[in-house]
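Please find below some notes on this model, set out as numbered points. They take up the surface, the interior and one helix in turn.

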Amino acid sequence: MNNLPTTTKNLLLINALVFAATYFLQSWDIAGKLGLHFFMASDFHLYQLVTYMFVHGGFTHIFFNMFALWMFGRVMENVWGPRKFLFYYMICGIGAGIMQEIAQLGTYYVEGLYAYDQVNIGTSILTTGQYLNLWNTVGASGAVYGILLAFGMTFPNERIFIFPIPVPIKAKWFVIGYAALELYSSISSSMDGVAHVAHLGGMLFGLLLILYWRRHPGSDARFGRSRGQEFFNRMKASFDQRKGQGARNNEQEARRNTREADMEYNARKQQRQAEVDAILDKIRKSGYDSLTKEEKKRLFEASHEEN
């Protein structure tokens, strides 16, 4: 846990604490109070659009959500930084809740519940108001699916192992496959108790946010520079500094060398710098895994030239 970035660690702890409270303090009905109810139900409160994503319905539910958050969330937090990562996580979770509310509104009108005062659920007859209060959504799945999407878009060619697939697959195909599966499930498995529309909603809001950031590069400046960006910027600054130092040293060498030799030296140095800059740009766009063997070797040699 000590190696986890701050926001990811805190999210894991909060989810675990709420789950423990739900289990040990069952008389408090935490899931009923913090879960997301249908907005036309009497138990609905606006704050539930936030609190529902920290409540889970069972051990399997929280385990897989937290495992995915640990596996992919820590990577994205290191790339984006804690504030940008938390903002993205919350927007995906809230967006997932909004999509779930829209889906439930559709069910409300498609099933014609507005025309009835009572609903027969098989074991008993409830008033329509009581029945609507049973529509309760819990879990961080929407936010986690947004994180999966972010990982796939940031590191599209990174290979990951997913049980039970025996071979590693690229992150972009994993995300596309998961989205397709959720879309199919939302259409064909409406009564399985899983909020498939919420999962898709988290991915949709995440996609819109990432596309907005890419279209407006300076729009996320208020979050501060990410750790990943700082890492690459420090490397580039170091190369630029060495380039400047080399220029100052060349002033002294020029007294001993001919102008032609000096120009050749600077040309070679500028060429090496251009190569390094191109490699760093490629890492920013497609990730380290996209580099060729020669590019990785060149970056390694350049980093040692600094020392």
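1. Patches are made of residues with over 30% relative accessible area and no salt bridge, with like charges joined within 9 Å and nonpolar side chains (Val, Leu, Ile, Met, Phe, Trp, Tyr) within 5 Å. The model is a predicted one, in which local features need pLDDT of at least 70 and side-chain atom pairs count only at pLDDT 80 or more, while totals for chains, interfaces and linings use all residues. Residues are numbered from 1 along each chain as its sequence is written, and side-chain values use heavy atoms, with hydrogens and water left out.

2. F59, F63, F64, F67 and W70 make a nonpolar surface patch of about 550 Å². F64, which lies in helix α4 (residues 59-80), counts as exposed because its relative accessibility is 52%, the cut-off for exposed being over 50%, against under 20% for buried.

3. The largest nonpolar core (buried Ala, Val, Leu, Ile, Met, Phe, Trp, Tyr and Cys residues joined through side-chain atoms within 4.5 Å) has 47 residues, of which F72, M76, W80, Y88 and Y89 touch the most other members. Among the elements that give two or more residues to this core are α4, α7 (141-154) and α9, and α7 gives the most, with 9 residues.

4. Setting aside neighbours within four places in sequence, M76 is in contact (heavy atoms within 4.5 Å) with G81, F85, I147, A150, F151, T154 and F155.

5. Helix α9 (residues 196-215) has 20 residues and should span 28 Å at 1.5 Å a residue, which agrees with the 29 Å between its end C-alpha atoms. Its buried residues include H196, H199, M203 and W213.

Methods. Helices (H or I, at least four residues) and strands (E, at least two) are DSSP runs, numbered from the N terminus. The expected span of a helix is 1.5 Å times one less than its number of residues. Buried means under 20% relative accessible area, exposed over 50%, partly exposed in between (1.4 Å probe, protein chains only). Accessible areas come from the Shrake-Rupley method with a 1.4 Å probe; for residues, only the protein chains shown count as cover. A salt bridge is a side-chain nitrogen of Lys or Arg within 4 Å of a carboxyl oxygen of Asp or Glu.
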